[in-house]
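Trainee: I'd like a close look at one part of this model, please. Could you take me through its packing step by step?

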Amino acid sequence: MADKCLIEVKRVIKDLLTDDEVNTVLTRVKSNLAAEQALKKANIEESKLAQKVIDEIEIEQAINKRNLANDTIKVLEKANEVIDNWSKDPIKGIKAMLVGIQDFGKGSRKSIGNDQAGLEEEFMTNLFSDLRKAGGNALDAFQNGKLDIEVYRELAGENTGVKDAKVIAEIVKKNNEEVRTYLNNLGANIGKLDDWITRQYHDPDKLIGAAGRTVTDKIAHQKAWVEYIKPLLNLERTFGGAKNIDEILSDMYWKLRSGVFFKNDGLDAVYGSQSIAKKLSEGRVLHFKNADARFKYDQQFGNPRLRESVVHGLQLSARNIGIMNSFGTKPEVNFKRMLKILQVHFAKAKDPETAKKLTYDKFKNEFMEVDGSVYQVDSAMGAKIGMAVRFFQGTGKLGFATVSSFADLATYMTESRFQGRGLFTGMKEALGQLTGISRNKAALDVLGVMSNTTIGVMNQKFSGRGDMTGKFASLSNKFYQLNALNWWVSNLKSAMTVGVARLYGMKRSLTFDKLSAREQNILTMYGFDTGKWDMLRSISALEADGKTYITAEKIDEISIESIDSYLGRKVSKREADNFRQDLHISYRNLLLDRAMHGTPEPDAAVRATLNRGWKRGTWEGELMRFFTQFKSFPVAIYQKVIGRELRGYNPANESVGRNRATGLASMVIFGTMMGYLSMTVKDLLKGKSPRDMKDHKNWLAAFVQ
């Protein structure tokens with residue numbers, strides 16, 4: 001039978017795979033069929049084997065051809081965006097595309113980095129809103145982890161009889177299915193696994209100490225990990241009859257301890273989407289014997305809490321979707337292709353100096369930020385020492401971080417003014433959310449920013465994303481929970497997202513040209529034009545407490561005919577779905593990005609500036625992270641708040657000089673007032689008397705604060 005399969009498969013794929021590769025594929029399919037028989041007790045006929053292999057390869061080939069075409073289209077579209085909108089300064093255009101810039105321009109804030117942040121927040125909001133709405137003890141059980149093993153078993157297809165565990169498992173599956181649909185629309189080919197639990201996470205810090213913290217021999221740690229995981233795995237399903245299991249696992253150990261999963265590398269980073277041949281090499285999926293075996297491994301080397309495992313998987317998927325949405329299934333390759341096209345264009349346009357600058361190295365810092373490679377670990381020991389130093393530095397010096405953040409009220413007000421809503425609208429909105437006087441529960445369920453305390457990750461106001469992992473991340477999160485910084489930041493960000501959604505909800509009856517110049521210009525910065533605004537305002541809005549909010553949750557209401565008309569051509573269902581998803585991402589990006597200006601938090605552009613493309617664990621990377629540990633917030637203020645006022649206005653329809661002067665003056669005046677309030681509260685907490693307001697030195701100190 002194997003010979004017949006080999007002949008049939010080779011007939012279909014011709015010279016795409018070697019005989020050895022086809023034999024490997026057949027071995028894997030046989031093992032999968034055996035696993036299905038064991039799991040489902042199905043009687044699968046051997047005669048169907050050849051056709052099954054042929055069907056899989058034909059589907060894979062069709063998807064690869066489609067992805068190649070779609071990737072080419074994306075590359076050309078991105079190159080044209082730069083040429084059409086940033087011809088005078090293509091370097092700014094490319095940085096806008098990657099991490100966003102403050103300069104006014106079409107799409108200047110619709111960046112991959114901002115899209116990734118918006119998707120993360122959306123996925124978290126959806127998950128925790130579902131758990132909250134489920135009632136019972138589902139949310140509490142998910143957060144405290146008391147039913148983790150029961151939920152693991154429910155996810156793996158077992159019936160535990162525990163109601164809350166079943167509810168949690170159904171919600172986790174629902175949210176993972178939404179992510180799977182997103183990824184498949186972008187070119188993946190991920191099938192359903194009935195016994196899939198969550199995306200696997202392997203803590204580099206735990207892998208480094210697999211043989212014990214006192215052991216210095218790296219090989220001993222590798223062997224200890226292999227010996228631990230091997231009995232827990234379904235060897236037939238994972239390795240497909242391969243004989244060199246120890247060798248394969250040993251190779252995986254070195255990749256996993258380097259933090260390779262931090263990189264968002266298109267299809268190569270998406271579970272289940274690699275080619276049939278690739279699944280048998282570095283892309284191999286580890287299948288555990290059962291839920292209990294997976295749970296045991298997670299306690300030792302992964303995320304010991306289901307909550308953290310689910311959140312981690314959704315975050316990585318969000319970042320990968322963000323970069324694939326712009327640069328297709330092979331982001332780095334396609335980004336470099338776009339640069340080549342732009343080099344040729346500007347060389348032909350008799351601008352050789354600009355053409356010379358359009359190299360990957362020019363944008364390496366920004367690209368490594370959005371593809372996550374800057375968070376990979378070069379030296380495990382160096383990264384661990386750096387994490388420890390930064391943890392003790394942060395917890396030792398940021399006890400009053402929430403009091404220091406009173407000045408966020410000033411930046412919130414100036415952001416509200418920038419949006420055209422007025423300074424004191426911002427003040428009322430922020431205080432209403434913090435005090436609970438004007439919270440809108442229905443709107444917050446859809447738009448609210450999830451507290452970092454709720455989702456169990458670090459606060460990123462004073463700490464960079466991916467800067468800490470494992471116990472240090474958990475302890476840092478606990479610290480920011482106790483000093484209330486997580487509560488403060490999430491409330492202000494929630495207030496701003498709801499406020500902006502209401503702003504455009506009130507204007508949904510107006511065409512684009514009837515909006516104020518400020519409202520038009522903000523939409524333009526996120527890639528919205530007349531056609532996209534008309535589609536956005538046509539969908540059902542959220543009505544709550546007599547107020548209207550555009551949330552974009554009903555984006556599916558946009559008809560395929562509207563999309564055809566906008567693009568000027570007929571589109572397929574998949575293309576229409578991707579268009580709607582992109583529109584949804586753009587709007588969520590707008591809401592969250594404006595919130596991260598109102599409550600300044602380092603974004604991809606700030607992190608790229610501080611990390612400089614240096615990986616964790618390197619001398620340069622750890623020294624840079626050490627020296628900039630407390631600089632991320634002031635850099636965010638400079639780049640996002642001051643930069644916004646200096647460069648964020650449109651000279652075509654706004655008075656740039658007057659707006660700059662008003663914005664900067666407001667920032668100085670209200671920032672100094674809130675800085676003085678912050679200093680006064682700190683002094684009172686320390687048992688000191690308030691500072692003399694008549695002393696100009698104290699006002700200068702308040703301004704610096």
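Trainee: Which residues does Met338 touch, not counting residues up to four places away in sequence?

Mentor: Happy to help! First, this is a predicted model, where local features need pLDDT of at least 70 and side-chain atom pairs count only at pLDDT 80 or more, while totals for chains, interfaces and linings use all residues. Residues are numbered from 1 along each chain as its sequence is written, and side-chain values use heavy atoms, with hydrogens and water left out.

Met338 touches Val75, Lys78, Ala79, Ile94, Met97 and Phe327, where contact means heavy atoms within 4.5 Å. Met338 also belongs to the largest nonpolar core, which has 66 residues. Such a core is a set of buried Ala, Val, Leu, Ile, Met, Phe, Trp, Tyr and Cys residues joined through side-chain atoms within 4.5 Å, with buried meaning under 20% relative accessible area (1.4 Å probe, protein chains only). Ile94, Leu98, Phe123, Phe142, Phe335, Met338 and Leu342 touch the most other members. Helix α14 (residues 306–327) gives the most to this core, with nine residues; helices are DSSP runs of H or I, at least four residues, numbered from the N terminus.

Phe327, one of Met338's contacts, joins Phe335, Tyr360, Phe363 and Phe367 in one aromatic cluster. Rings of Phe, Tyr and Trp (its six-membered ring) pair if their centres lie within 6.5 Å, and planes over 60 degrees apart count as edge-to-face. Tyr360 and Phe367 form an edge-to-face pair, 5.9 Å centre to centre with 70° between the planes. Tyr360 counts as buried because its relative accessibility is 18%, and Phe367 counts as buried at 0%.

Key
Buried < 20%, exposed > 50% of the residue type's maximum accessible area, 1.4 Å probe, protein only. Helix = DSSP H or I, 4+ residues; strand = E, 2+ residues; numbered from the N terminus. Phe/Tyr/Trp six-rings, centres within 6.5 Å; stacked < 30°, edge-to-face > 60°.
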